[in-house]
Amino acid sequence: MKIKYTTIIVEDMDESIKFYTEVMGFEIDSRYDLGRAGKITLLKGEGETMVEIIQNPQDEPGLFSIGMEVEDLKTTIKELKAKGAKITMDPTPITVGLLAFIEDPNGARIALIQHN
């Protein structure tokens with residue numbers, strides 16, 4: 001597994017984009033307007049790591065999850081279950097592949113994603 005992205009819930013998308021691009025040196029990779037569900041902007045840093053910022057009406061601002069890329073999500077989930085990991089969302093199809101969530105012992109969300 002490798003860390004691929006960090007997801008942060010934000011109150012003000014424009015202000016957050018300005019911070020991550022002008023202050024932190026990230027570049028906008030892509031933007032998505034989900035209508036009433038919110039907005040998503042992917043920001044690219046050095047290497048392959050990304051920051052995903054989301055503005056939506058249901059989540060509190062702050063760190064939402066750390067995203068890790070895996071080769072075979074279903075196998076990874078089976079292995080993690082066998083080791084006692086808390087699976088909070090089983091593998092689910094998404095636009096770019098499969099997504100699942102686990103939780104660490106402190107309640108931190110870890111997104112596991114298998115890209116197509």
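The following exercises treat the helices, surface patches and salt bridges of a predicted model.

The model is predicted, so local features need pLDDT of at least 70 and side-chain atom pairs count only at pLDDT 80 or more, while totals for chains, interfaces and linings use all residues. Residues are numbered from 1 along each chain as its sequence is written, and side-chain values use heavy atoms, with hydrogens and water left out.

**Exercise 1. The two helices**

Determine which residues of helix α1 are buried and which exposed residues lie on the face turned away from them; then treat helix α2 likewise.

Solution.
1. Helices (H or I, at least four residues) and strands (E, at least two) are DSSP runs, numbered from the N terminus. Buried means under 20% relative accessible area, exposed over 50%, and partly exposed in between (1.4 Å probe, protein chains only).
2. In α1, residues 13–23, the buried positions are Met13, Ser16, Ile17 and Tyr20. These residues lie on the same side of α1 because they cover an arc of only 100 degrees around the axis, the arc being that of the directions from the helix axis to the C-beta atoms.
3. The opposite face of α1 carries the exposed residues Asp14, Glu15, Lys18, Glu22 and Val23.
4. In α2, residues 73–82, Leu73, Thr76, Ile77 and Leu80 are buried. They too span an arc of only 100 degrees around the axis, which puts them on the same side of α2.
5. Lys74, Lys78 and Ala82 are exposed on the face of α2 turned away from its buried side.
6. The spacing has a general basis: an α-helix has 3.6 residues a turn, so residues three or four places apart point the same way.

**Exercise 2. Surface patches**

Identify the residues of the nonpolar patch and of the patch of negative charge.

Solution.
1. Patches are made of residues with over 30% relative accessible area and no salt bridge; like charges are joined within 9 Å, and nonpolar side chains (Val, Leu, Ile, Met, Phe, Trp, Tyr) within 5 Å.
2. Phe19, Val23 and Met24 make up the nonpolar patch, with about 290 Å² of accessible area together (Shrake-Rupley method, 1.4 Å probe; for residues, only the protein chains shown count as cover).
3. Phe19 belongs to helix α1 and is partly exposed, at a relative accessible area of 37%.
4. The negative patch consists of Glu11, Asp12, Glu15 and Glu60. Asp and Glu count as negative, Lys and Arg as positive, and His and the chain ends are not counted; the place of a charge is NZ of Lys, CZ of Arg, CG of Asp or CD of Glu.
5. Glu60 sits in the loop between β4 (50–55) and β5 (62–69) and is exposed, at 68% relative accessibility.

**Exercise 3. Salt bridges**

State how many salt bridges the structure has, and describe the network that includes Lys2 and Lys4.

Solution.
1. A salt bridge is a side-chain nitrogen of Lys or Arg within 4 Å of a carboxyl oxygen of Asp or Glu. The whole structure contains 6 salt bridges.
2. One of them joins Glu69 and Lys2, at 3.7 Å from N to O. Glu69 lies in strand β5 and Lys2 in strand β1 (residues 2–9), 67 residues apart.
3. Lys4 pairs with Glu48, the closest N and O atoms being 3.3 Å apart. Lys4 is in strand β1 and Glu48 in the loop between β3 (39–44) and β4, 44 residues apart.
4. Lys4 is buried, at 17% relative accessibility, whereas Glu48 is partly exposed, at 46%.
5. Lys2, Lys4, Glu48 and Glu69 are thus linked in a network of salt bridges.
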